[in-house]
Amino acid sequence: MELCYQLPVLPLDRPVPKHVLSRRGAISFSSSSSLFGAPDPRQLSQRRGAISYDSSDQTALYIRMLGDVRVRSQVGFEPERRGSHPYLGIDFRTLHSRAESAGSIPVRRIQRLFSFQRHLLSSRLLRGPPHLNPLHILDEDYCGQAKCMLEKVGSWNFNIFLFDRLTNGNSLVYLTFNLLNQYGLIELFQLDMVKVRRFLVLVQEDYHNQNPYHNAVHAADVTQAMHCYLREPKLAQSLTSCDILLGLLAAATHDLDHPGVNQPFLIKTNHYLAALYQNTSVLENHHWRSAVGLLRETEVFSHLPTEDSLSIERQLGSLILATDISRQNEYLSRFRTHLDEDDLCLGNASHRHFILQMALKCADICNPCRPWELSKQWSEKVTEEFFHQGDIEKKHKLEVSPLCDSEANTIASVQIGFMTYVVEPLFAEWARFSDTRLSQTMLGHLGLNKASWSAMEPEASGSSEEGESEPAQVTEEPSSRALSQGSQKS
């Protein structure tokens, strides 16, 4: 079975070298320095793990117990893994990847070539007008089209799929950098452009592009939606520059390093992240910690006072944790209460932060509110990811998660339930808060898209001909499905 990670061994009782602390990644360790470099892997202690470290003060951000990671060795030693499920050793980074055909060019080699081309293209974007070179005519043509699209980045009809193709898969980097510059945040906070770009590149690389849905394109789409919300009159008149910076960074990193499976899957397979975060907002905590790690590695805010940079990290975490849709009712009830009592005061920092949380929640699940040609693509992608998880659960004889069984669900049924019980209530309250043309446009698309999926649902036409008890079952089922959908979207 493929290995999840290949980590260097470092003893607990030996100081961590500074050059190790300065690099991104995890440090594997054993419990005795006498085992350091020992040829026989059987001598390794049963206590193994890894540290995601804090390079500023050399304390761990968190400790990851990697008992489920196999150790590669030449003598064929295979330690016991925590838990009893055979799936624990599967590499999440290749979970949704497709097998390469025989004789094909290695995927990683192609990715390296594309990465180099992206580096050249992005470098030219940052340096300004390039020298005329016939070898780069095509790249420059695409670059020009991408720039034209960025001029309309505030449009709700913005096609992120087209933009991703025009930027050669670099949509998250280009879009987020453009928005930071457009809001004047780079100059205002005196950010180093090189550090910012390096941070965005690392963020984009840490998304798993093999995931059909939870990938860098989704992050770019959420960031673009967040920009649309930040421009709404109530927010534009009240939010500070720090609020805007936090909103954009949270949108870009809200699903960072998403494994392509949901929280219940991590819990029932005894994944170390589930144990680490005690089965509570597992993925959201990981996204936040990963984002903080990249911010510290790239030293984006190293020039700010320590208290300010720590405050940014805490508020970033508060925004990302709000995207845990298992807490949807908690946030929605609080939002509805504020609107009913009309006591939201955007001059209050805590109230502004709460509105940012609600804006990010809306941006995260806004796909059903996009025009049909965009919404349909997202619906197909997220359902593909669900069904792929279900197929893996069946293969390894695990309980199949709700909405993940391709034999019991269709794209239409999944989307209708999600729109009815999750999306509509949230965006109805958002429209109460911000009754603008954009809000009405989103609700209009939501209604049309729901009608389109209903027309595709085979049971929709037959339900009217059934008895009175059948419609009640159809009505009740999406409610439970929508609840499960929440943990899927996390």
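This is a short tour of three places in a predicted model.

**Stop one: helix α7**

Select residues 193-206, which form helix α7. How far apart should the ends of its 14 residues be? At 1.5 Å a residue, the expected span is 20 Å. The end C-alpha atoms of α7 are 20 Å apart, so the two values agree.

Now add Asp192, which caps the N-terminal end of α7. One of its side-chain oxygens lies 2.9 Å from the backbone nitrogen of Val194.

Next, colour the buried residues of α7: Val196, Arg197, Phe199, Leu200, Leu202, Val203, Gln204 and Asp206. Keep a rule in mind as you look. An α-helix has 3.6 residues a turn, so residues three or four places apart point the same way.

**Stop two: Ala251**

Move to helix α10, residues 241-253, and select Ala251. Is Ala251 buried or exposed? Its relative accessibility is 0%, so Ala251 counts as buried.

Show what surrounds it. Beyond its neighbours within four places in sequence, Ala251 is in contact with Ala219, Val222, Thr223, Met226 and Leu360. Then select Leu319. Ala251 and Leu319 are 68 residues apart in sequence, yet their C-alpha atoms are 8.8 Å apart in space.

**Stop three: helices α17 and α18**

Select α17 (residues 372-395) and α18 (residues 411-433). Their axes come within 10 Å and cross at roughly 105 degrees. The range for roughly perpendicular is 65 to 115 degrees, so α17 and α18 fit that description.

Show the side chains at the contact. From α17, pick Ser379, Glu380, Val382, Thr383 and Phe386. From α18, pick Ile411, Val414 and Gln415. Colour this contact by type: 4 residues are nonpolar, 3 polar and 1 charged.

Methods. Residues are numbered from 1 along each chain as its sequence is written. This is a predicted model: local features need pLDDT of at least 70, side-chain atom pairs count only at pLDDT 80 or more; totals for chains, interfaces and linings use all residues. Side-chain values use heavy atoms; hydrogens and water are left out. Axes are lines fitted to C-alpha atoms, for helices over the stretch in contact, and angles run from 0 to 180 degrees between N-to-C directions. Helices (H or I, at least four residues) and strands (E, at least two) are DSSP runs, numbered from the N terminus. Angles under 35 degrees count as roughly parallel, over 145 as roughly antiparallel, 65 to 115 as roughly perpendicular and the rest as oblique. Contact means heavy atoms within 4.5 Å. Ala, Val, Leu, Ile, Met, Phe, Trp, Tyr, Cys and Pro count as nonpolar, Asp, Glu, Lys and Arg as charged, and the others, Gly among them, as polar. The expected span of a helix is 1.5 Å times one less than its number of residues. Buried means under 20% relative accessible area, exposed over 50%, partly exposed in between (1.4 Å probe, protein chains only). A polar contact is a pair of N or O atoms within 3.5 Å; within protein, one must be able to donate a hydrogen and the other to accept it, and residues adjacent in sequence count only if both atoms are side-chain atoms.
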